[in-house]
Each structure stands twice: as structure tokens, then as C-alpha cells.
Amino acid sequence: MASVDLETAKRAKTFVVMMGLVAMFGDMTYEGARGRVGPYLNILGASATVVGFVAGLGEFVGYGLRLATGWLADRWKSYWLFVALGYSVNLVAVPGLALVGDWPAAIALIVLERMGKAIRSPSRSALVSYAAQSAGVGKSFGIDEALDQLGAFLGPMITAGVVWGLRSEPAPARLQTAFAVLLLPVIANLLMLALAKRKFPRPDLFETRTDIVRVHYGSSMRLFLVAASFMALGFADWALIAFHVNKTTAIDLALLPVIYAGVMGVDAVSALVLGAYFDRRGLWALVWGVAASAGFAPLVFWFSNSYALLGGAVLGAIGLGAQESIFKAAIAQMVPKNERAKAYGQFFAVFGCAWWLGSALMGWA
């Protein structure tokens with residue numbers, strides 16, 4: 001790879017941070033609503049079966065649709081358009097929950113939000129990957145994931161504060177106000193995105209690599225996807241973990257939000273550490289990330305004590321940090337930039353479907 005001058009590297013890092021802030025505000029919106037959606041659907045009259053179906057449908061749409069949006073983004077070279085369209089959906093999907101009066105309308109908005117993520121995600125990862133080639137691939141995706149997880153922590157804290165502050169009000173009014181407040185991070189998200197595009201309209205110019213040739217990345221990418229799917233099979237959704245904790249009573253349920261926040265923090269730190277390690281040692285960082293995550297399921301589901309559950313949650317968070325930083329960095333090193341959005345779409349779809357299957361099998365077992 002050709003050397004990069006300090007000014008270019010500095011500008012590339014600025015772009016990575018700006019896109020990380022875009023992701024942070026986006027996750028504040030999504031994660032802020034996520035923990036409140038189940039109770040809200042219950043208040044609106046939806047059954048447990050409906051809530052479970054909606055959760056599964058939303059994730060299926062959110063991951064499966066990325067195959068198409070990544071391919072289209074590469075074909076049309078309209079990465080900024082897909083990112084802007086995907087985030088703009090949040091203007092309606094999340095604050096709109098405050099205005100609906102029945103559960104079918106709420107479900108439509110929940111699925112719409114997942115569609116928005118599917119539209120934007122491959123293109124956003126591709127844009128970050130261009131600048132990452134000049135700023136340090138692993139480090140860049142580590143910063144991106146750390147800021148993303150900061151949003152995942154702040155969003156639920158905001159809605160929790162709103163719900164607590166209005167504790168004298170009826171439950172529907174408290175949740176509706178919490179959803180309405182999330183309009184603020186939506187606006188911040190879109191403003192930061194507009195600023196990033198204005199300052200860096202052609203982030204693809206950061207990447208000048210010519211050593212990635214399509215003919216020899218195809219088989220490597222297929223093997224990479226197979227390996228990623230096996231790793232994803234060992235993960236489980238947080239809802240299943242919480243259900244297991246409730247069943248075993250190994251940890252007080254009141255501590256679950258605190259543990260979840262801690263998991264987000266471990267995810268962020270591991271993404272930074274493993275990303276920096278990737279820049280020095282390459283795929284060895286991926287090996288260590290995958291090896292750590294292998295202990296997640298046995299510790300969480302085979303043992304019924306608090307130490308094992310906490311240890312398993314930490315190892316799972318390390319694996320998620322690797323998934324969001326090293327896996328993306330590896331694709332950036334492996335795939336030509338004109339096909340990278342499609343590659344990210346393939347990765348997200350395969351990883352998400354394997355994750356869903358793994359969670360289903362663990363729940364069945």
C-alpha cells in the first residue's frame with residue numbers, strides 16, 4: 001500500500017469521526033426506542049406472539065434487505081443517497097410511534113425503521129472504508145463502533161430519564177413522550193450527515209489502493225462469510241439472555257439494564273483495542289476476537305451462577321466488538337472499493353441470519 005501523507009491521514013480520520021458521530025446519533029434514536037417498543041405494543045393491545053413475530057420480522061428485513069441495497073449502491077454509485085435515505089426514515093419511524101393509536105400502525109413503523117437501517121448500512125460502511133485506508137483500517141472501524149455503542153448507551157438513558165421524570169403520568173403518555181423526544185437525535189443525526197457530505201463529498205478519493213484485484217477476492221470472501229456465519233451461530237439476542245436470567249434467577253432482574261449498559265461499554269472498548277491490533281497484526285486480531293467469543297454460550301447457558309453469566313456476557317461483547325470492527329476492516333482489505341457496499345450487504349445478511357438461527361436453536365434447546 002502506498003504511504004499516506006499526514007494531512008490526508010488527518011482529513012481521513014476527521015471523516016471517520018464525523019461518520020461515527022452520525023452512527024452515534026442514529027443509535028441513540030434506535031436503541032432509545034428499542035427497549036420501550038415491547039411494553040408499548042402491549043399497551044396498544046398486541047399479544048406476546050405478535051411482539052415476537054414483529055421482532056423477528058424486523059431483524060429479518062433489517063439484515064436480508066442489505067443484500068439488495070448494497071448491490072444497488074455499488075451499481076448506481078449513490079452511496080450518500082442510500083445513507084441519507086436510510087437515516088431519513090427515522091424522521092417518521094421513531095418519533096411517529098408517539099402518534100399511533102393502534103398496534104398495527106406501530107408495527108409498520110417498527111419494520112420501517114429496520115428497513116431504514118438496511119438501506120443505509122452497506123453504503124455507510126463502504127464510505128467509512130474508503131477513508132479508513134488512509135487513517136488505519138482497524139483503528140477507523142474501532143472508532144466507528146465505539147461511537148456507535150456510545151449512542152446505544154445514551155439512547156436508552158434518555159428515554160429512561162423521560163419515563164422516570166413523568167412517572168406520575170399514565171404509561172402510554174410516558175412512552176409516547178419518550179418516543180417524541182427521540183426526534184432530537186434524529187435531527188442531530190441528519191445535520192451531522194449533511195455536514196460530513198458537505199465537507200467530504202468524495203470520500204472515495206481517500207483510497208488510492210490498486211493492489212486489490214477482483215479475480216482473487218471472490219473465493220476469499222466466500223470463505224470469510226462461512227467463517228463469519230459459524231461465529232454468529234454462537235451468539236444470542238439479549239432478549240434470550242434476559243429470559244434465561246429470569247428463569248434461573250442468577251441475577252436480580254433490576255440489574256439487567258446496568259449489565260446491558262456494561263456490555264455496550266465492553267463492546268466499544270474491545271472494538272477500539274482489536275481494531276488497533278488489526279492494523280499491527282492483521283487477521284490475528286480476528287482470531288483472538290473469535291476465540292474470546294467462543295466462551296459466550298457455554299458460560300451464559302450451561303452454568304447458573306452470576307459470575308458465569310457476567311463472564312459470558314463480557315466475552316460475547318468482545319465478539320460483537322470484533323464483528324463490528326475487525327470483520328468490516330478485513331472486508332475493506334479484501335474487496336475492491338467499487339464492490340464493497342455489496343460485500344458489506346452480503347456480510348450483514350449472512351451474519352444476521354446466522355445470528356437469528358443460533359438464537360432460535362439456543363432458545364429451543
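Helices in this account are runs assigned by DSSP, at least four residues long and numbered from the N terminus. With that in mind, we can walk through the aromatic rings of this structure, which is a predicted model.

Within helix α15, which spans residues 340–364, Phe 347 and Phe 351 stand 4 residues apart, so about one helical turn separates them. Their rings form an aromatic pair described as tilted, with 5.6 Å from centre to centre and 40° between the planes, and both Phe 347 and Phe 351 are buried. These two residues also belong to a cluster, linked by ring pairs, that includes Phe 141, Phe 224, Phe 327, Tyr 344 and Phe 348.

One member of that cluster, Phe 348, has a charged neighbour as well, for Arg 66 lies over the face of its ring at 4.8 Å from the ring centre. Arg 66 also lies over the face of Tyr 63, where the distance to the ring centre is 4.5 Å.

A search of the whole structure finds 15 aromatic pairs, and one of them is formed by Phe 15 and Phe 200, whose rings meet edge-to-face, 5.5 Å centre to centre and with 70° between the planes. Phe 15 lies in helix α1 (residues 6–43), whereas Phe 200 lies in the loop between α8 (183–199) and α9 (218–233), so this pair ties together parts that are 185 residues apart in sequence. Is each partner buried or exposed? Phe 15 has a relative accessibility of 0% and therefore counts as buried, and Phe 200, at 3%, counts as buried too, because buried means under 20% relative accessible area.

Notes. Residues are numbered from 1 along each chain as its sequence is written. This is a predicted model: local features need pLDDT of at least 70, side-chain atom pairs count only at pLDDT 80 or more; totals for chains, interfaces and linings use all residues. Side-chain values use heavy atoms; hydrogens and water are left out. Rings of Phe, Tyr and Trp (its six-membered ring) pair if their centres lie within 6.5 Å; planes under 30 degrees apart count as stacked, over 60 as edge-to-face and the rest as tilted. Helices (H or I, at least four residues) and strands (E, at least two) are DSSP runs, numbered from the N terminus. Buried means under 20% relative accessible area, exposed over 50%, partly exposed in between (1.4 Å probe, protein chains only). A charge sits over a ring if NZ of Lys or CZ of Arg is within 6 Å of the ring centre and within 35 degrees of the ring normal.
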